Amino acid sequence: GANAVVIGRSNLVGLPVAMLLCHRNATVTIVHSRTRNIEEVVKRADIVVAAVGRAHMVPKSWLKEGCTVIDVGINSVDAPGTKR
């Protein structure tokens, strides 16, 4: 199966998504804020699920060409030039 990385280990999203991917025969790695070398782990993934609740957590440079990215995060980010 595909190599999948789930960024985030919450009981609400991260762990259930990891189990769903596992049941679809993916090899799943769960990473979180304390994981060493997250960038290296993500660069090997065919599927990346970002479930961390922080905007811009995964820069484009971390992604392998042709990988699938699923962003589950809910964040608000100001549009460029917008004042608060």
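Which residues are exposed on the other side of helix 1? They are Leu20 and His23. Keep in mind that this is a predicted model, and let's walk around that helix first.

Helix 1 covers residues 14–23, and its buried residues are Gly14, Val17, Ala18 and Leu21. If you look down the axis of helix 1, these buried residues fall within an arc of 100°, so they line one face of the helix. What do the buried residues of helix 1 pack against? Their partners are strand 1, strand 2 and strand 3. Once helix 1 is over, you come straight to asparagine 25, which takes a positive phi of about 70°.

Now for the sheet. This one is open and has 4 strands, arranged in the order 2-1-3-4 with parallel pairing. Strand 2 and strand 4 are the edge strands, so to speak the two that each pair on one side only. Going from one strand to the next, the twist averages 15°.

Here is where to find the strands along the chain:

| Strand | Residues |
|---|---|
| Strand 1 | 3–7 |
| Strand 2 | 27–31 |
| Strand 3 | 47–50 |
| Strand 4 | 68–71 |

Let's zoom in on one pair. Over how many bridges do strand 1 and strand 2 pair? There are 5 bridges, and the two strands run in the parallel sense. For a spot to look at in the structure, try valine 5: this residue stands opposite threonine 29 in strand 2.

Definitions and conventions:
Residues are numbered from 1 along each chain as its sequence is written. This is a predicted model: local features need pLDDT of at least 70, side-chain atom pairs count only at pLDDT 80 or more; totals for chains, interfaces and linings use all residues. Side-chain values use heavy atoms; hydrogens and water are left out. Buried means under 20% relative accessible area, exposed over 50%, partly exposed in between (1.4 Å probe, protein chains only). The arc is that of the directions from the helix axis to the C-beta atoms. Contact means heavy atoms within 4.5 Å. Two strands pair if DSSP finds at least two bridges between them. Axes are lines fitted to C-alpha atoms, for helices over the stretch in contact, and angles run from 0 to 180 degrees between N-to-C directions.
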